[in-house]
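Colleague: Please take a close look at the loops. Start with the backbone, then work outwards to the helices and the open spaces.

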Amino acid sequence: MVEAAYLPRSTPEAQGVSSTGIGAFLDAAERQISYVHGFMVLRHGHVVAEGWWDPFGPDSPHQLFSLSKSFSSTAIGLLVAERRLTVEDPVLDLFREDAPSDPSANLRAMRVKHLLAMSTGHADNSVQRTDANWVQAFLNYPVEFEPGTHFAYNSGASYMLSAIVQKLTGGRMIEYLRPRLFEPLGIENPTWETSPQGIDAGGWGLSIRTPDIARFGQLYLQRGVWHDQRLIPETWVEQASSFHTDNRTMTNPDWAQGYGYQFWRSRHNAFRGDGAFGQFCVIMPDQDAVVAINSGTPDLQGVLNLVWEHLLPAMSPDQPAADGAGSDALKDRLAALRLPLPEGAATSPVAGEVSGRTYRIEGTADGIESVSFRFDGDGSVITIRDASGEQELRCGHGSRLHSRASLEVERSSPVAGAGAWKDERTYVAQLYWYETPFARTLTCRFDGDRIEVDQESLISSPFSPKAPAALRGTAS
């Protein structure tokens, strides 16, 4: 571990945190949320609890979705510190070549601060991934309100922040941040999705590890200082985390506390970066604490509710009495976390009959042409063929096996699979793309030469919301 990445470890009680309270958080997460993937709790600069539900782990990157926005804000803050930009600069002045021929008064009034504070004047999101040129799409989208007067959560505004960084530095934002933020924090091998123009998406697309999120949060908690080195101006930490835009019309309580500069204000005087499906960096100044969470759930408010209901009251202003037994029990529990495995038998009389057979799929369901199976004592290999070729999905029994596939995601990515025979003719395969929030369950029913495969996604991608189709086929 590089020195920059090190955070000291401590028992919870030594930093004024109750092990019982953390255990209650785990109980509630496993009971109420499908699923939290990993979390870290920091208090007084020490890691007091950390755990990942297998197949997720501390060394695997995880898609951040809109938590990426807080890193884009940081890049703008650094440009401001370098006097290459001010938040009062007109957006149009930076992109004259992409501007409409007759820009509206509201577009002319738009400033960098409005991009940061989600108050551009747009009524909704201004950029779609299908747009040919995202900067032009943003500048040509109707600006219905006077900038600064209306809140609209708008990833197009975040993309424009990234485009500004690239415009002023001549390189991608991820490269600008590498020596200024990522390397000092020990964030290794970050990746960021780009637009067709090769500009980092800004509002989404960053992938890093849970410990990286925790260190980023600790940096903001420490008001921009890391290992006695100032990385971010204190004034920017203050501006980014302060209330700039009123969003009280939003329904969930933690999304109605005001918006900063690509950070949300939260209940209990906290602030946070967050992303779809439960990616969180929660900074709690009053408790001198940070909570980093990765998840795969549509219930974002539910995850935050567990933080406030269990972790917040577990943090005492005074040091609790030592609880060695409770701390040891918590440590053992954290080390043994795993998501549920499919229940059922390791094999079936039908396994030998169907092993090695290829089933031609009827119609054009998800573009899948055929599916074949191979069963052995260690589990199964499911081979799916589509227009791009073959993908092999390996599934263990009672444990997970690893392969790569793009069945649930946009590009080939690591996947962990497990399977079991639910009954003599039904095999259930559970697949987790563990660098993403996404998962899929295949329920395969064999009937002579026929097969039916029901596909269920745990959550739907905001970019591909269509549910996967059921497969029907015949052995060739």
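Modeller: One cut-off comes first: a residue is buried under 20% relative accessible area, exposed over 50%, and partly exposed in between. The model is a predicted one.

Take His227. It sits in the loop between β6 (225-226) and β7 (229-230). Its relative accessibility is 44%, so His227 counts as partly exposed. The backbone stands out here: His227 is not a glycine, yet its phi is positive, at about 50 degrees.

Asn269 belongs beside it in this account. Its loop runs between β8 and β9 (271-275). Phi of Asn269 is near 60 degrees, again a positive value in a residue other than glycine. With a relative accessible area of 39%, Asn269 is partly exposed.

Next come the cis peptide bonds. One runs from Ser34 to Tyr35, with omega near -5 degrees. Tyr35 lies in the loop between α1 (19-32) and β1 (36-43). Another cis bond joins Asp54 and Pro55, where omega is about 20 degrees. Pro55 is placed in the loop between β2 (46-52) and β3 (62-63).

Arg400 is a loop residue of another kind. It is found between β15 (389-396) and β16 (401-405). Its relative accessibility is 9%, so Arg400 counts as buried. From Arg400 to Asp378 is 22 residues in sequence and 10 Å in space, C-alpha to C-alpha. Strand β15 contains Gly389. Gly389 has a relative accessible area of 16%, so this residue is buried. Gly389 and Ala292 are 97 residues apart in sequence, and their C-alpha atoms are 38 Å apart.

Loops also meet through their rings. The structure holds 29 aromatic pairs. One of them is Phe151 with Tyr259: the centres are 5.6 Å apart, the planes 55 degrees, and the pair is tilted. Phe151 comes from the loop between α6 (134-140) and α7 (155-169), and Tyr259 from the loop between α10 (234-241) and β8 (264-265), so the pair ties together parts that are 108 residues apart in sequence. Both rings belong to buried residues. Elsewhere, Arg272 puts its charged end over the ring of Trp255, 4.3 Å from the ring centre.

Now the helix that follows the Phe151 loop. For the 15 residues of α7, 1.5 Å a residue gives an expected span of 21 Å; the end C-alpha atoms are 21 Å apart, so the two agree. Of those 15 residues, 11 are buried, so α7 is largely enclosed by the rest of the structure. The buried set includes Ser155, Tyr159, Met160, Leu161, Ile164 and Val165.

Helix α2 (residues 68-81) passes a similar check. Its 14 residues should span 20 Å at 1.5 Å a residue, and its end C-alpha atoms are 20 Å apart, so the length agrees. α2 is mostly covered, with 12 of its 14 residues buried. Phe71 is among the buried residues, as are Ile76, Leu78 and Leu79. Phe71 also joins Phe182, Phe216, Tyr220, Phe263 and Phe271 in one aromatic cluster. Just after α2, the backbone shows a positive phi of about 60 degrees at Arg83.

Last, the spaces. The search of the whole structure finds one cavity of 30 Å³ or more. The volume of the largest cavity is about 40 Å³. Its lining includes His37, Gly38, Trp52, Phe56, Gly57 and Tyr434. By class, that lining has three nonpolar, seven polar and no charged residues.

The largest pocket holds about 770 Å³ of space. It is lined by 38 residues, and Glu408, Val409, Glu410, Arg411 and Phe438 are the closest to its centre. β4 (191-192), β14 (379-386) and β17 (413-423) are the elements that give two or more residues to this lining. The pocket lining divides into 14 nonpolar, 14 polar and 10 charged residues.

Technical notes. Residues are numbered from 1 along each chain as its sequence is written. This is a predicted model: local features need pLDDT of at least 70, side-chain atom pairs count only at pLDDT 80 or more; totals for chains, interfaces and linings use all residues. Side-chain values use heavy atoms; hydrogens and water are left out. On a 1 Å grid over the protein atoms alone, a cavity is a set of points where a 1.4 Å probe fits but cannot get out, and a pocket is an open set with protein on both sides within 12 Å along at least five of seven lines; lining residues have an atom within 4 Å of a point. Grid points are joined across faces, edges and corners, and a volume is the space filled by probe spheres set on the points. Helices (H or I, at least four residues) and strands (E, at least two) are DSSP runs, numbered from the N terminus. Ala, Val, Leu, Ile, Met, Phe, Trp, Tyr, Cys and Pro count as nonpolar, Asp, Glu, Lys and Arg as charged, and the others, Gly among them, as polar. The expected span of a helix is 1.5 Å times one less than its number of residues. Buried means under 20% relative accessible area, exposed over 50%, partly exposed in between (1.4 Å probe, protein chains only). Rings of Phe, Tyr and Trp (its six-membered ring) pair if their centres lie within 6.5 Å; planes under 30 degrees apart count as stacked, over 60 as edge-to-face and the rest as tilted. A charge sits over a ring if NZ of Lys or CZ of Arg is within 6 Å of the ring centre and within 35 degrees of the ring normal.
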